[in-house]
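I opened a new page for this one and wanted to get my bearings. My plan was to pick a few spots, look each one up, and jot down what turned up.

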Amino acid sequence: HRDLHSFPTRRSSDLFVVAALAVFSAYSIGGLFFALGPELSARVFDSGNHLVTGSSLFLLAGVGAVAQLAYGRRAAWLGAAVGSVALALGVALIVLAAAEDSAAALVLGSVVGGAGFGLSFLGSLRALSAQIPPAHRASVMSAYFLVAYAALSIPAVVAGFAVEPLGLASTFELLGSVVAALALVVAVQAWRSRPRRVS
């Protein structure tokens with residue numbers, strides 16, 4: 001029978017593309033935060049304390065883990081769809097925080113974006129793993145995590161080069177827009193792949 005926790009209407013190659021986009025958008029916000037999150041936190045909280053400057057990273061990762069535990073074994077497509085929407089919303093709030101020096105927007109964006117990060121990653125991973133034939137599991141999962149680690153590193157490097165000429169707010173706006181757009185594409189594709197009720 002078909003696993004209702006998967007994207008049952010997708011061919012394997014299409015499923016991998018959706019899963020890769022999901023993990024790329026999710027991990028990209030992590031890469032951006034690792035590169036510039038402490039600087040943004042220091043500015044909006046007007047503090048050089050390392051606990052304060054690392055707070056946004058802690059929220060992003062911590063809420064992501066809690067969201068995954070709370071979501072449990074619900075449908076993978078739903079986690080990917082809802083998580084991607086939350087990720088896009090969280091990124092938008094973080095961009096607002098950078099533009100307006102808003103601590104409230106940064107905290108809220110870190111929480112919402114963290115939940116989206118966790119659910120989008122979990123949903124895409126479970127959907128993909130449910131459909132991989134055992135003989136191809138190692139190669140497909142290796143490719144999936146290669147995309148994930150590229151998403152951590154590439155945005156961090158790009159942000160590092162971009163922040164000096166563009167400034168912190170414009171860098172977050174530029175990269176955040178790309179991440180949010182990818183997340184919304186994933187949300188649409190995940191929603192379209194939901195199991196249809198048979199009448």
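I started with Ala150, which is partly exposed, with a relative accessible area of 25%. My note on the terms: buried means under 20% relative accessible area, exposed over 50%, and partly exposed in between, using a 1.4 Å probe and protein chains only. Ala150 sits in helix H6. Helices here are DSSP runs of H or I with at least four residues, numbered from the N terminus. I looked up its partners and found that Ala150 touches Phe24 and Pro155, leaving out residues up to four places away in sequence. Contact means heavy atoms within 4.5 Å. I also checked Ala150 against Ser28: they are 122 residues apart in sequence, yet 8.5 Å apart in space, C-alpha to C-alpha.

Before going on, I wrote down the ground rules: this is a predicted model, where local features need pLDDT of at least 70 and side-chain atom pairs count only at pLDDT 80 or more, while totals for chains, interfaces and linings use all residues. Residues are numbered from 1 along each chain as its sequence is written, and side-chain values use heavy atoms, with hydrogens and water left out.

Next came helix H2, residues 50–53. Is Thr53 buried or exposed? Thr53 is buried, with a relative accessible area of 10%. Thr53 touches Gly37, Pro38, Ser41, Ala42, Ser47 and Gly48, not counting residues up to four places away in sequence. Val52 is in H2 as well, but Val52 is partly exposed at 25%. Setting aside neighbours within four places, I found Val52 in contact with Ser41, Phe45 and Ser47. The C-alpha atoms of Val52 and Pro38 are separated by 8.3 Å, with their positions 14 residues apart along the chain.

Then I went for the core. A nonpolar core is a set of buried Ala, Val, Leu, Ile, Met, Phe, Trp, Tyr and Cys residues joined through side-chain atoms within 4.5 Å. The largest one has 41 residues, and those with the most contacts inside it are Tyr27, Ile29, Phe33, Leu40, Tyr144 and Phe172. H1 (12–45), H3 (55–71), H4 (76–100), H5 (103–131), H6 (137–166) and H7 (168–192) each supply at least two residues. Which helix gives the most? H1 does, with 11 residues. I followed up on Phe33: its contacts, beyond four places in sequence, include Leu57, Leu60, Ile94, Leu106 and Phe172.

Last, the helix pairs. Axes are lines fitted to C-alpha atoms, for helices over the stretch in contact, and angles run from 0 to 180 degrees between N-to-C directions. The axes of H3 and H5 come within 7 Å and cross at roughly 45 degrees. That makes H3 oblique to H5. My key: under 35 degrees is roughly parallel, over 145 roughly antiparallel, 65 to 115 roughly perpendicular, and the rest oblique. Among the residues that meet there are Leu60 and Val63 in H3, with Leu106 and Val111 in H5.

H4 and H5 pack at about 155 degrees, with their axes 6 Å apart. That makes H4 roughly antiparallel to H5.

One more residue in H4 caught my eye: Ser84 is buried, with a relative accessible area of 0%. Leaving aside neighbours within four places, Ser84 is in contact with Gly79, Ser120, Ala183, Val186 and Ala187.
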